[in-house]
Amino acid sequence: MTPNPLTYLYAVRTATGPVPGSVPGVDGERPRLVVEGDLAAVVGSVGASRFDEEALARDLEDLGRLESLARAHHAVVAEAARTQPTAPVRLATLYRDDEAVRRLLADRAEEFTAILERIEGRWEWGVKAYVKPTTRPEEREAGSPSASDRPGTSYLLRRRADRDRGERERERARTVADDLHRTLRTHAAAGRLFPLQDARLSGRADEMVLNATYLVDAGKEDGFRSTVDSVDGATVELTGPWPPFSFASLEGT
């Protein structure tokens with residue numbers, strides 16, 4: 001006997017507006033809406049054998065499969081967010097059936113409504129900033145105390161000079177990041193800072209000094225972009241606009 005399909009939950013939005021469905025879901029299914037009161041859940045019916053606990057645990061260990069699921073999940077949420085305020089839920093959120101999703105909407109209606117009101121008319125922009133070291137290795141060598149007659153003393157002086165130089169560079173990087181974040185926050189309704197990425201992840205030789213995301217009113221996006229374009233002292237990478245994933249995630253779903 002074939003088990004009943006499970007209900008995969010992508011996001012919660014208001015009940016009005018078009019039904020998403022132009023992009024396939026995580027199981028190739030056509031997304032649809034489950035409506036309860038003024039709210040609607042964007043869901044899909046997925047195969048129980050492919051999305052039960054055991055199958056999901058296996059898939060989430062497979063990076064290729066995980067990427068495929070994440071891309072499909074994102075595409076459905078992004079489509080839903082084009083026309084309505086949409087609060088995404090985390091990847092691989094499943095319910096036994098549509099009735100369980102309706103109960104979720106009813107039980108947490110007040111919380112969902114508050115989130116949707118907060119993100120309405122706003123989009124998320126990601127900002128990463130990088131700075132170059134102020135001194136190059138050859139400059140450090142040239143500026144180091146001479147290792148001539150007293151090698152022990154010269155070694156200690158070089159260590160001290162390197163420590164002082166490193167601290168100056170870190171202070172400069174913190175200043176660049178703090179100034180940029182403070183300026184961007186004046187154009188945004190909210191902002192979130194994330195841990196800085198190691199160069200092995202960022203793929204850049206320069207040092208990352210800011211890894212942040214901002215919730216920006218649709219009418220203020222030009223000012224936000226202009227601020228990024230005018231930044232001096234750092235290379236800034238801007239991405240967006242995105243559905244406000246970082247400001248609308250529904251914890252506990």
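Of the 253 residues in the protein chain, 40% are buried (under 20% relative accessible area, with exposed over 50% and partly exposed in between; 1.4 Å probe, protein chains only). The model is predicted: local features need pLDDT of at least 70, side-chain atom pairs count only at pLDDT 80 or more, and totals for chains, interfaces and linings use all residues. Residues are numbered from 1 along each chain as its sequence is written, and side-chain values use heavy atoms, with hydrogens and water left out.

The protein chain has 10 helices and eight strands. These are DSSP runs numbered from the N terminus, helices being H or I with at least four residues and strands E with at least two. Contacts (heavy atoms within 4.5 Å) reach far along the sequence: of those with a separation of 6 or more, 76% join residues 24 or more positions apart. The accessible surface is about 14,500 Å² (Shrake-Rupley method, 1.4 Å probe). Carbon and sulfur atoms own 49% of that surface.

Now take helix α4, residues 98–107. Its buried residues are D98, A100, V101, L104 and L105. They line one face of the helix, because they fall within an arc of 160° seen down the axis of α4 (directions run from the helix axis to the C-beta atoms). An α-helix has 3.6 residues a turn, so residues three or four places apart point the same way. The buried residues of α4 pack against four strands and a helix by name: β1 (6–14), β2 (32–36), β3 (39–46), β4 and α5 (109–119).

Strand β4 also holds A92. This residue has a positive phi of about 65°, although it is not a glycine. A92 is partly exposed, at 21% relative accessible area. A backbone feature of another kind sits in strand β8 (residues 235–242), the place of P241. A cis peptide bond joins G240 and P241, with omega about 0°. Most residues other than glycine have a negative phi, and most peptide bonds are trans.

The largest pocket holds about 350 Å³ of space. A pocket here is an open set of points on a 1 Å grid, with protein on both sides within 12 Å along at least five of seven lines; lining residues have an atom within 4 Å of a point. Twelve residues line the pocket, and H74, E124, P243, F245 and S246 are the closest to its centre. α3 (63–81), β4 (86–95) and α10 (245–248) each supply at least two lining residues. β4 gives the most, with four. The lining divides into six nonpolar, four polar and two charged residues.

Conventions: On a 1 Å grid over the protein atoms alone, a cavity is a set of points where a 1.4 Å probe fits but cannot get out, and a pocket is an open set with protein on both sides within 12 Å along at least five of seven lines; lining residues have an atom within 4 Å of a point. Grid points are joined across faces, edges and corners, and a volume is the space filled by probe spheres set on the points. Ala, Val, Leu, Ile, Met, Phe, Trp, Tyr, Cys and Pro count as nonpolar, Asp, Glu, Lys and Arg as charged, and the others, Gly among them, as polar.
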